[in-house]
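Biologist: Could you take a close look at one part of this model for me, the helix packing and what surrounds it? I would enjoy a connected walk through it.

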Amino acid sequence: MTLNKPLSLRIARLALLPLAAMTLSHATFAAPAAGKKSPYHDYFYFLGEMNKASTVMVIENKIVPPDLGKKIVSAVDQVIKNGDLPGAKRPSDYLQYEPLILAIAGPDGSRMHSGRSRQDILSTNRRLMQRERALDLMEAMNKSKTEVLELAEKNLDTIVPAYTNGVQAQPTTFAHYLLAFSSAFGRDSTRLQEAYARLNLSPLGAGALGTSSFPVDRRRLAELLGFDGPIENSYDAAQLGALDQGVELVGLCSNAALTIGILMQDFHTQYHQPYPWIMIREGRLTGTSSIMPQKRNPYGLNVLRLQASEIVGGAMTFQIEAHNVSPGMPDYKRDQVEQTLELTSNAFIKLADLLDNLVIDKDRALQEVDADYSTTTELADILQRDSDVPFRVGHHFASDLVTYGRTNKMKPADIPFDIVQKIYTEAVKKFDFERTQFPLTQEQYKKSLTAQNMLASSKGLGGPQRAEVERMLGVEKAKLAKDVEWLQQQRQKLAAASVKLDQAFYKLGK
């Protein structure tokens, strides 16, 4: 028998194979070309892997005698090789796959199928395909988080406006803002790792739902296919697990997409302004109008925002398809989960590309802050902290100050100091506050309204003060390093398991 490539070459190829998603890195935002080959293994490939594992198990457990086992090994190997030929058929249904084995090994070739059903085969196939895509999703998440942290590190002192209810609320730094998203995406990474632990369990050998009278070693099947173990209850393994596991996976994809969508909406708001402080570098991620020469349409934002919506829609589609069906129906055993995982991976790759092409105008961002009254919270805080003015009294004064400034079209720093003093005196009278004289000097007042002072004065855990932002940046980098290490470990485990499967399989064919 002619065996496959040397094991050293095979493990190298397998170790690199899951990196296929990296070919999408910095890709254009255009739709994939029609007929483009998927970077993922297909049903036929995984049927071959399952057939190799089942062949090893039935021989080891004396369900099939060694001499017949050699014949089955040869047939399974030949079918896999035939399917790899250009233009060859690669059936995805086991009932269409098995005749290819029987044509070589005769009816005895079906003994390899002992204790199996299309039910547990399909449930296993789903997990094998989802496992591949889940790891690619982790890689894409790591890549985008790397870009987030690099951008944050470059903007530790970039002061920007932050918004609540769609209105400028308080100043922060762009680094502080980005680290919030890094933290949210970090939770997505944690959810994915937790989901992967439940995903990487094997249904194979459960039969249709109740196992069989053959001494099928389900733990051995799981080991050979790189699973961490079997799903214990055979009914759950063959019939229920695909439902809740699918819901969990598309749910975490939807959650991540919602966060991406929020980020895109924030960025896109800048494009409503004549002079945005966030722009996309002109090129392949921007577009022009067919009639308006001044337009620089944020193509990258538009596509990614839409894709985030499609991910949420894909998650809902799976849940609707799976809703209200009896166990054993094929509704929740189709490829909607894989599609959603792929779309989410691609969205994170797009996000990394977009972040790498952002242009941040620091001066313009600070102008935006200085043009509004988002530092008046600190003014009220200073009055309480330094002059013992109750916060609500100081808050009321600051609010009256804002009303006056906006009514007279003045920036905070432009309001004459004597007017500030008068507004204070009138404001505190409403509270019967005895000390009616404004307690700050002109210099103290002006300093209180600067964004730099407000940020430097922040003391709370997780706030925008530079020392705290630098600390959080270090924490996020450490988390990312652990995520990268986790991914590497999972891929190494799968590569090693694949090599061991081939070693056990081809050894039995000698």
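Modeller: Happy to; we begin with helix α2 and its partner, then turn to the nonpolar cores and one more helix pair.

This is a predicted model, in which local features need pLDDT of at least 70, side-chain atom pairs count only at pLDDT 80 or more, and totals for chains, interfaces and linings use all residues. Residues are numbered from 1 along each chain as its sequence is written, and side-chain values use heavy atoms, with hydrogens and water left out.

Helices (H or I, at least four residues) and strands (E, at least two) are DSSP runs, numbered from the N terminus. Helix α2 covers residues 43-60 and packs against helix α4, residues 94-105, at an angle of about 60 degrees, with the axes 11 Å apart. That makes α2 oblique to α4, where angles under 35 degrees count as roughly parallel, over 145 as roughly antiparallel, 65 to 115 as roughly perpendicular and the rest as oblique. The axes are lines fitted to C-alpha atoms, for helices over the stretch in contact, and the angles run from 0 to 180 degrees between N-to-C directions.

On the α2 side, Phe44, Leu47, Gly48 and Asn51 meet Tyr94, Tyr97 and Ile101 of α4, contact meaning heavy atoms within 4.5 Å. By class, this contact has 5 nonpolar, 2 polar and no charged residues; Ala, Val, Leu, Ile, Met, Phe, Trp, Tyr, Cys and Pro count as nonpolar, Asp, Glu, Lys and Arg as charged, and the others, Gly among them, as polar.

Ser54 also sits in helix α2. Ser54 is buried, with a relative accessible area of 1% (buried means under 20%, exposed over 50%, partly exposed in between, with a 1.4 Å probe and protein chains only). Leaving aside residues up to four places away in sequence, Ser54 touches Met112, Arg116, Leu204 and Leu221.

Now the cores. A nonpolar core is a set of buried Ala, Val, Leu, Ile, Met, Phe, Trp, Tyr and Cys residues joined through side-chain atoms within 4.5 Å. The largest has 66 residues, of which Phe174, Ile260, Met264, Phe267, Phe348 and Leu351 touch the most other members. Apart from it lies another core, of 38 residues, among them Val56, Val64, Ile72 and Met129.

Finally, helix α12 (residues 376-387) and helix α13 (residues 391-407) pack at about 145 degrees, their axes 8 Å apart. Among the residues that meet there are Leu379 and Leu383 in α12 and Phe391 and Phe397 in α13. That contact has 8 nonpolar, 4 polar and 1 charged residues by class.
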